[in-house]
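Visitor: I should like to understand how the terms used for a protein model are justified. Could you show me the structure and take me through the reasoning?

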Amino acid sequence: MRRGALLIALTAVALSGCVEQHKGQPQVWYAAHGAVLPQTHKVSVCHGFGCQLKTSVAFGSADLRKMRGIFGKPKSAAQERAAIARYISWAEKRVAPEVGSEDDVGGLDLMNSGVHGQMDCIDEAANTTSYLMMADKNGLLRFHTVGSPVARGFFLDGRYPHATAVVVDDGGTPWAIDSWPHRNGVPPNVLPLSTWFARSAAS
């Protein structure tokens, strides 16, 4: 088989499995990556790349009031996804002083591996999922459930491996909630998971 045809075949096989990854349990993904599941009022924030470092951050009553205000009372899944983007932006800024992640840069930045407060896509996928699970535990998600993080890219298809958090809307469509491309506190990319899988690692 010619090299181009082989890469196309490998990519097709890989993506056929990728689109179903979100249906797994987040607990399994967390255990595989050394992350800690969130509690109702506390998250363990991954940083240092690959969840090498973890900082526990408690969310108090004022934080929960802020969270409720961010979500409000959406009337559709689309409105709730817009609220999710605002919420993840707020959560990143909320934990930054305790984690030391105010200057976390976005995108591929291998020079910061192991640096306190800097995050790769594994850290970001874990943290975003933790924030979403905490929101769900507090009854703030009406139109979505939290899925397991997923990954794309495996070098042979010409793409650097990359992971994202996932939510599934009430119609069964999975959505990527991807904060990795942006610096700390910038709203994440929110797009259908099928579209996310088709993109390059830089977007």
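Guide: Let us begin with helix α4, which spans residues 77–99 and holds both Tyr87 and Trp90, three residues apart, or about one turn of the helix. Please bear in mind that this is a predicted model.

Visitor: What makes the pair of Tyr87 and Trp90 stacked?

Guide: Five aromatic pairs are found in a search of the whole structure. For Tyr87 and Trp90, the ring centres are 6.2 Å apart and the planes meet at 25°. Centres must lie within 6.5 Å for a pair, and planes under 30 degrees apart count as stacked; the pair of Tyr87 and Trp90 is therefore stacked. Both Tyr87 and Trp90 are buried, and ring pairs link them with Phe59 and Phe71 into a cluster.

Visitor: How do you know that Arg94 lies over the face of Phe59?

Guide: Arg94 is 5.1 Å from the ring centre of Phe59, and the distance cut-off is 6 Å. The direction must also be within 35 degrees of the ring normal, and Arg94 is listed as lying over the face of Phe59.

Visitor: Why is the contact between Arg94 and Asp63 called a salt bridge?

Guide: Their side chains meet at 2.9 Å, N to O, and a salt bridge requires such a nitrogen and a carboxyl oxygen within 4 Å; the contact therefore qualifies. Arg94 lies in helix α4 and Asp63 in helix α3, so the pair ties together parts that are 31 residues apart in sequence. Arg94 also forms a salt bridge with Glu98, at 2.9 Å, and Asp63, Arg94 and Glu98 are linked in a network of salt bridges.

Visitor: Why is Asp63 called buried, and why is Glu98 called partly exposed?

Guide: Asp63 has a relative accessible area of 12%, and buried means under 20%, so Asp63 is buried. Glu98 has 43% relative accessibility; partly exposed lies between 20% and 50%, so Glu98 is partly exposed.

Visitor: What makes the contact of Arg81 with Asp169 a salt bridge?

Guide: The distance is 3.9 Å, N to O, and the limit is 4 Å, so the contact of Arg81 with Asp169 counts as a salt bridge. This pair links distant parts of the chain, with Arg81 in helix α4 and Asp169 in strand β5, 88 residues apart.

Visitor: How do you know that Glu124 has no salt bridge?

Guide: The nearest side chain of opposite charge, Arg183, is 11 Å away, whereas a salt bridge must be within 4 Å; Glu124 therefore has none. Glu124 is nevertheless buried, and is found in helix α5.

How values were computed:
Residues numbered from 1 in each chain as written. Predicted model: local features only at pLDDT ≥ 70, side-chain atom pairs only at ≥ 80, totals over all residues. Heavy atoms only, no water. Helix = DSSP H or I, 4+ residues; strand = E, 2+ residues; numbered from the N terminus. Buried < 20%, exposed > 50% of the residue type's maximum accessible area, 1.4 Å probe, protein only. Lys, Arg positive; Asp, Glu negative; His and termini not counted. Phe/Tyr/Trp six-rings, centres within 6.5 Å; stacked < 30°, edge-to-face > 60°.
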